[in-house]
Amino acid sequence: MITGASKGIGKAIALEFAKNNASVIINYNKDKEGADLIEQGIKGIGKKAVAIKADVSNFNEVTAMIEQIKKDFGRIDILVNNAGITMDRTLKNMTQDEWNKVINVNLTSVYNVTKQALPLIQKNGRIINISSIAGLTGNFGQCNYAASKAGIIGFTKSLSKELGKLSITVNAIAPGLIQSEMTNKIPFFRKRIMTAMIPLKRMGTVEEVANCALFLASEKSSYITGEVISINGGLGL
Ligand code: NAD
């Protein structure tokens, strides 16, 4: 199950998991068309997929989604908390609404989804939370976003301690600058400056993040839990 999977990193993870024989639940909030296209694409390669609408920042909408998953699939093996937004502004100018929205969509959603999905997650299950380099280093104009992504890291480490006895691993991925709609919003000149600071001298791709998620979802990562894997081309070294 992947939240916010109608585009970007979530979409790439959904496709990569399907290629590796997973049945995929594609959660989306507004982009039904995008989610339906992915569902059809995955079914086209002979794998099971279903797109389910739910605003993950809304506890009750998540309840309804989990009930549907319980009915259709009976269990969840791998949960990827990927949904996220930015509303960048310096703290001086940041409104309460901009603070609350980013915290609710990026962080409270991880509580809403993980808490309610947990009864369906099996022994040897996997929980993968998409954090960000901003949660590790902070970022100018992103007090709300960086706080939400740092919160995800604390959540990940705490839950890994609670679920270890069930052999469920809980890890976070902290991407750097990745090409997606989210980073399309960054002005061209700013992206050029940021890219120059990346040792690998380019932005990452959503497929590269999906490869990391695939590793964490696989048996090959069975002794890794409570970790934050950076995938950033060396940015911040
Ligand atoms: P994106 O904007 O392309 O995708 C975000 C997805 O989240 C979309 O599908 C969107 O519909 C969904 N979403 C937003 N609000 C939602 C809600 N309330 N309920 C359900 N779904 C919702 O961005 P992306 O780059 O693919 O980002 C995916 C994740 O990766 C985010 O958590 C983001 O913070 C994180 N991330 C991205 C980058 C980057 O450089 N692109 C870097 C670090 C972390």
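Residue Y28 stands opposite K53 of strand β2. Strand β1 (residues 24-28) and strand β2 run parallel and are joined by five bridges; strands are taken to pair if DSSP finds at least two bridges between them. Helices (H or I, at least four residues) and strands (E, at least two) are DSSP runs, numbered from the N terminus. The model is a predicted one, in which local features need pLDDT of at least 70 and side-chain atom pairs count only at pLDDT 80 or more, whereas totals for chains, interfaces and linings use all residues. Residues are numbered from 1 along each chain as its sequence is written, and side-chain values use heavy atoms, with hydrogens and water left out.

Strand β2 (residues 49-53) is mostly covered, four of its five residues being buried. Here buried denotes under 20% relative accessible area, exposed over 50%, and partly exposed in between, with a 1.4 Å probe and protein chains only.

The ligand is surrounded by 28 residues, of which I9, D55, N82, Y145 and S180 are the closest; a residue is included if one of its heavy atoms lies within 4 Å of the molecule. Polar contacts, defined as pairs of N or O atoms within 3.5 Å (within protein, one must be able to donate a hydrogen and the other to accept it, and residues adjacent in sequence count only if both atoms are side-chain atoms), involve both backbone and side-chain atoms of the protein. A polar side-chain atom of S180 is placed 2.5 Å from a ligand oxygen atom. From the backbone, an N or O atom of N82 lies 2.7 Å from an oxygen atom of the ligand, and a polar atom of I178 is 2.8 Å from an oxygen atom of the ligand. Of the 820 Å² that the ligand exposes when taken alone, the protein buries 93%, areas being obtained by the Shrake-Rupley method with a 1.4 Å probe and, for residues, only the protein chains shown counting as cover.

Two or more residues are given to this shell by each of α1 (8-19), α6 (143-163) and α7 (181-184). The most comes from α7, with three residues. By class, the shell comprises 12 nonpolar, 12 polar and four charged residues; Ala, Val, Leu, Ile, Met, Phe, Trp, Tyr, Cys and Pro count as nonpolar, Asp, Glu, Lys and Arg as charged, and the others, Gly among them, as polar.

Two buried asparagines were examined further. Residue N112, in helix α4 (residues 96-117), is buried because its relative accessible area is 3%. Its side chain reaches the backbone oxygen of V56 at 3.0 Å. Apart from neighbours within four places in sequence, N112 is in contact (heavy atoms within 4.5 Å) with V56, S57, N58, F59 and V62. Residue N171 belongs to strand β5 (residues 169-175) and counts as buried because its relative accessibility is 1%. When residues up to four places away in sequence are not counted, N171 touches I127, I128, N129, T156, L216, I224, T225, G226 and E227.

Positive phi angles occur at N21 and K201. The value for N21, which is not a glycine, is about 80°. This residue lies in the loop between α1 and β1 and counts as exposed because its relative accessibility is 59%. For K201, likewise not a glycine, phi is about 60°. The loop between α8 (188-196) and α9 (206-217) holds K201, which counts as exposed at 53% relative accessibility.
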